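Q: I have a structure open and I'm not sure how to read it. Could you walk me through it, one feature at a time?

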Amino acid sequence: MLIDGHGRKVTYLRVSVTERCNFRCQYCMPEKPFSWVPKENLLSFDELFLFVKRAMDEGINKIRITGGEPLLREDLDYFIGLIHAHNPDVDLAMTTNGYLLAEAAERLKRAGLKRLNISLDSLRPDRAYKIAQKDVLTKVLMGIDKAMEVGLKIKLNMVPLQGINDDEILDILEFGRECGIKVRFIEYMENRHANEALRGMHGKAILERIKKRYTIHALGREGTSPSFNYRIEENGYEFGLIDPHKHDFCESCNRIRLTAEGYLIPCLYFDEAKSIAEYVKRGDVEAAAEVLAQVLRDKPEKNRWSDEMFKDDISARAFYETGG
Ligand code: SAM
Ligand code: SF4
Ligand code: SF4
């Protein structure tokens, strides 16, 4: 069992398989980063799996593959297959922008992927273009269709932005309801890589928009997930809200992150990270497990958002590096 220095049980590993992306979402990566991690610095899937396998043996029972855009990495189904073969009961999920999903969905499902979170910020082609800075909507919708067809469980993520897509909150909600897919609204989280002019919406304002049409009932948090669930009285549809500006989820934090380069990141909002790269490259899984133990011992109790000295600070680490 993996327990951190504050007594929290760690059962959830998020693996970012690449920081690269085929979108340039304004809230995440509006311009191509000055330099990408050179491809030769990325760990291979066999190297990543060496660590992931050990982490599963020590108590990780939920794994999310993310990025950048994870579907840009070739042979992702091979990696998923390795994880699934080692433990078919692991809750194996992926977060994707959906652009390459139509071609990949069937292979991913066959390899053992169970769940998908797909980002969908707009249902209007011009808006989707404006946010992702690319003509993306048709292919994303095809990806959602295909993933439903092959039987993957799906959630949709929307980041509402003032003056950009905030008038589509109800449209995305109705789309999710018609497709039988849960929508989760995510507060925009300020970070140094985003377009500076962006203004997000706080959870309360998002709920106000929904209340203009519906009566909603708060249901509660989904286990240790940061998402708070609501039910619409008129039709029974349930949606989620992730509102880190109001709630931190640190008390029940059960997660750590691994990057494509082999950095273990104990907390989304801290810059400290420790590398397991040299160990997994030479097959020394014991040394990698020792780094994991150190990272867990040093895992911060909470993010620094509430500290006075960090009030004006915003995350320096890019979401495309950590996978959000
Ligand atoms: N490329 C994939 C995608 O977009 O789904 C996976 C990686 S992306 C970093 C993971 C999630 O983080 C997406 O749902 C995206 O909307 C969210 N995200 C990225 N930047 C964000 C920000 N500044 N605030 C809130 N959510 C953000
Ligand atoms: Fe790429 Fe996802 Fe970031 Fe958009 S949110 S730029 S799709 S990594
Ligand atoms: Fe966990 Fe850090 Fe996120 Fe808090 S901010 S929930 S400690 S990763």
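A: Sure! Keep in mind that this is a predicted model. Let's start with one residue, L76: leaving out residues up to four places away in sequence, L76 touches V17, F45, I65, P70, L71, M94 and L108.

Q: What is the general idea behind nonpolar residues gathering like that?

A: In soluble globular proteins, nonpolar side chains tend to be buried together. Here the largest nonpolar core has 100 residues. L76 is among those with the most contacts inside this core, along with F51, V52, F79, I83, F185 and F239.

Q: Which helix gives the most to this core?

A: That's helix 1, residues 45–57, which contributes 7 residues.

Q: Now the ligand. How many residues surround ligand 1, and which are the closest?

A: There are 19 around ligand 1, and the closest are Y27, G68, T96, S119 and M189. By type, the shell splits into 10 polar, 7 nonpolar and 2 charged residues.

Q: Which polar atoms of the protein should I look at around ligand 1?

A: Try three spots. At S119, an N or O atom of the side chain is 2.6 Å from an oxygen atom of ligand 1. At Y27, a polar backbone atom sits 2.9 Å from a nitrogen atom of the ligand. At E69, a polar side-chain atom lies 3.2 Å from a nitrogen atom of ligand 1. As for cover, ligand 1 taken alone exposes 550 Å², and the protein buries 94% of that.

Q: Let's try a loop. Where does K134 lie, and is K134 buried or partly exposed?

A: Look between helix 4 (125–132) and helix 5 (137–149): K134 is in that loop. Buried means under 20% relative accessible area; K134 has 24%, so K134 counts as partly exposed.

Q: What does K134 contact, leaving aside neighbours within four places in sequence?

A: The contacts of K134 are N22, F23, Y99, A128 and Y129. It's also worth finding C25: K134 and C25 are 109 residues apart along the chain, yet their C-alpha atoms are separated by 8.9 Å.

Q: Can I use that reading on another loop residue, say N254? Is N254 buried or exposed?

A: Go for it. N254 lies in the loop between strand 9 (238–242) and strand 10 (255–258). The relative accessibility of N254 is 8%, so N254 counts as buried. Setting aside neighbours within four places in sequence, N254 is in contact with K9, V10, T11, Y12 and T224.

Conventions. Residues numbered from 1 in each chain as written. Chains lettered and ligands numbered in written order. Predicted model: local features only at pLDDT ≥ 70, side-chain atom pairs only at ≥ 80, totals over all residues. Heavy atoms only, no water. Near = heavy atom within 4 Å. Polar contact = N/O pair within 3.5 Å; in protein donor to acceptor, adjacent residues only side chain to side chain. Areas by Shrake-Rupley, 256 points an atom, 1.4 Å probe, with all protein chains shown as cover. Nonpolar A, V, L, I, M, F, W, Y, C, P; charged D, E, K, R; others polar. Core = buried A, V, L, I, M, F, W, Y, C linked by side-chain atoms within 4.5 Å. Buried < 20%, exposed > 50% of the residue type's maximum accessible area, 1.4 Å probe, protein only. Helix = DSSP H or I, 4+ residues; strand = E, 2+ residues; numbered from the N terminus. Contact = heavy atoms within 4.5 Å.
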